[in-house]
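Dear colleague,

I am handing over the structure we spoke about, and below it you will find my notes on what turned up in it. Please read them with the coordinates open beside you.

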Amino acid sequence: MKFSRRVREIDISGIRRAFEAAGSDAINLGLGQPDFDTPAHIKEAAIRAIRDGFTGYTENQGTLELREAICEKFKRENRIDTTPDRVIVTAGASEALHIALQAIIEPGDEVLIPDPGFVSYNALTLLAEGRPVSLPLSRDYTVTPEGMAEEIRPRTCAIIINSPANPTGAVQREEEIRGICELAEDHGLTIISDEVYEHLIYEGRHVSPAEYTEDVITINATSKTYAMTGWRIGYLTAPTEAIEEMVKIHQYAQACATSISQRAALAALTGPQDSVREMRHEFKRRRSILMNALREMKIECREPKGAFYAFPRIRNAEEVVKQLLQHGVITTPGATFGKEGSEHIRLSYAATQEDIEKAMSIMREVLE
Ligand SMILES: Cc1ncc(COP(=O)(O)O)c(C=O)c1O
């Protein structure tokens with residue numbers, strides 16, 4: 001069998017590889033998902049959907065009631081005015097990123113991507129035959145208008161913003177977002193704003209670019225906010241002409257998001273939000289435990305302001321990751337997230353306090 005250059009050019013995610021290489025009893029500070037269970041009322045909604053026979057295809061863009069709830073969420077939480085016809089419900093934020101990049105990239109177009117940044121951005125850009133261009137970040141790992149301006153060239157078509165960010169936990173400041181929006185407008189660039197960690201912010205305020213400018217594809221998901229990674233529900237809103245193009249790809253590749261999960265997502269968005277607050281509180285507590293341990297080891301690490309990752313600077317990071325794995329601790333080498341991530345490792349604190357403490361004591365031994 002012959003394979004396309006497109007697919008041969010991309011590699012399997014380093015995160016998955018590390019996970020698969022480890023034993024089942026390893027402490028996992030590697031994967032990016034909340035270690036909480038999906039709240040009961042959300043599960044109940046899915047069970048009801050199955051009992052009621054809500055098991056067929058839905059509208060391609062998602063059920064109207066879910067899209068209406070998503071519009072209310074965008075208005076309430078993000079000051080984004082949108083309508084159900086400008087929303088697509090997807091199979092996680094992953095599919096939303098995929099259809100967004102497929103819709104806007106012409107072969108050879110350049111996409112500005114934070115470096116370090118979430119692994120899918122490079123791979124999905126390459127799959128769309130685009131060219132990923134690394135965006136230099138500030139000392140706090142945020143994208144700045146100045147850094148962005150340096151990388152804009154004639155073939156630049158889009159910029160990806162991810163706040164709070166994977167793998168650094170950085171949160172974009174409002175003035176940075178405003179500046180990025182102005183530059184994008186001046187150069188006719190689309191902003192793809194990946195906001196999946198928006199509810200996991202410990203300092204600062206979440207700001208959506210779509211508050212300030214129109215040419216934005218705003219992507220979110222129930223995955224991280226409601227501990228629903230396996231349910232595969234994401235969603236996006238964008239200007240009508242972008243929706244018309246993206247829905248073609250979504251329709252042929254996916255038909256629609258899972259009907260049962262859509263009912264669950266509706267319960268998540270419209271039901272009680274206590275679980276979100278509790279999860280945020282717990283992550284914040286674990287962040288201090290992790291940061292204190294790193295400080296005690298005199299490891300340099302910017303305090304993550306959001307998400308559930310810390311990104312300490314470690315010399316010989318790849319070797320340290322290997323040794324940690326041999327001692328039963330899964331972490332992710334920073335280079336997985338871009339060349340600027342080398343000499344770092346990503347530690348996910350979506351793990352129990354006991355596991356974080358155990359992992360830190362193993363790390364102390366390994367580094368000594
Ligand atoms: C920044 C970021 N965007 C998107 C995703 C994918 O989310 P989903 O599980 O909803 O596809 C992840 C998952 O780790 C992520 O970290």
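Around the ligand there are 14 residues, and those that come nearest are S94, D194, Y197, S223 and K224; please keep in mind throughout that this is a predicted model. By class, the shell around the ligand is made up of six nonpolar, five polar and three charged residues, and the element that gives the most to this shell is helix α5, residues 92-104, with three residues.

Three side chains deserve a look for their polar atoms. In D194, a polar side-chain atom lies 2.6 Å from a nitrogen atom of the ligand. The side chain of Y197 has an N or O atom 2.7 Å from an oxygen atom of the ligand, while for N166 the corresponding distance, again from a side-chain N or O atom to an oxygen atom of the ligand, is 2.9 Å. Taken on its own, the ligand has 400 Å² of accessible area, and the protein covers 91% of that.

Turning to the open spaces, the second largest pocket has a volume of about 260 Å³. Its lining counts 14 residues, and S138, R139, Y141, R313 and H344 are the closest to the centre of the pocket. Six residues of this lining are nonpolar, two are polar and six are charged. Where does the second largest pocket lie with respect to domain 1 and domain 2? Residues of domain 1 (5-38 + 274-367) and residues of domain 2 (40-270) both contribute to its lining, and the pocket therefore lies between the two domains.

As for enclosed spaces, the structure holds two cavities of 30 Å³ or more. The largest cavity, with a volume of about 80 Å³, is lined by 14 residues, and P114, P116, Y141, N162 and A165 are those nearest its centre. This lining contains nine nonpolar and five polar residues but no charged ones. Y141 thus appears twice in these notes, since it is also listed among the residues closest to the centre of the second largest pocket.

The second largest cavity has a volume of about 50 Å³, and the residues lining it include K73, R76, E77, E198, H199 and N220. Both α4 (64-78) and β7 (216-221) supply at least two residues of this lining, with the largest share, three residues, coming from α4. Here the classes divide into four nonpolar, three polar and four charged residues.

Finally, some points on the backbone. Most peptide bonds are trans, and most residues other than glycine have a negative phi. Against that background, the bond that joins D115 and P116 is cis, with omega about 5°; P116, which is also one of the residues nearest the centre of the largest cavity, is found in the loop between β3 (110-114) and α6 (119-127). A cis peptide bond also runs from S163 to P164, where omega is near -10°, and P164 lies in the loop between β5 (156-162) and α8 (174-187). A227, a residue other than glycine, has a positive phi, near 50°, and its place is in the loop between β7 and β8 (234-237).

With best regards

Notes: Residues numbered from 1 in each chain as written. Predicted model: local features only at pLDDT ≥ 70, side-chain atom pairs only at ≥ 80, totals over all residues. Heavy atoms only, no water. 1 Å grid on protein atoms, 1.4 Å probe; cavity = no way out; pocket = protein on both sides within 12 Å on 5 of 7 lines; lining within 4 Å. Points joined across faces, edges and corners; volume = space filled by probe spheres on them. Nonpolar A, V, L, I, M, F, W, Y, C, P; charged D, E, K, R; others polar. Domains from an automatic or database assignment. Near = heavy atom within 4 Å. Polar contact = N/O pair within 3.5 Å; in protein donor to acceptor, adjacent residues only side chain to side chain. Areas by Shrake-Rupley, 256 points an atom, 1.4 Å probe, with all protein chains shown as cover. Helix = DSSP H or I, 4+ residues; strand = E, 2+ residues; numbered from the N terminus.
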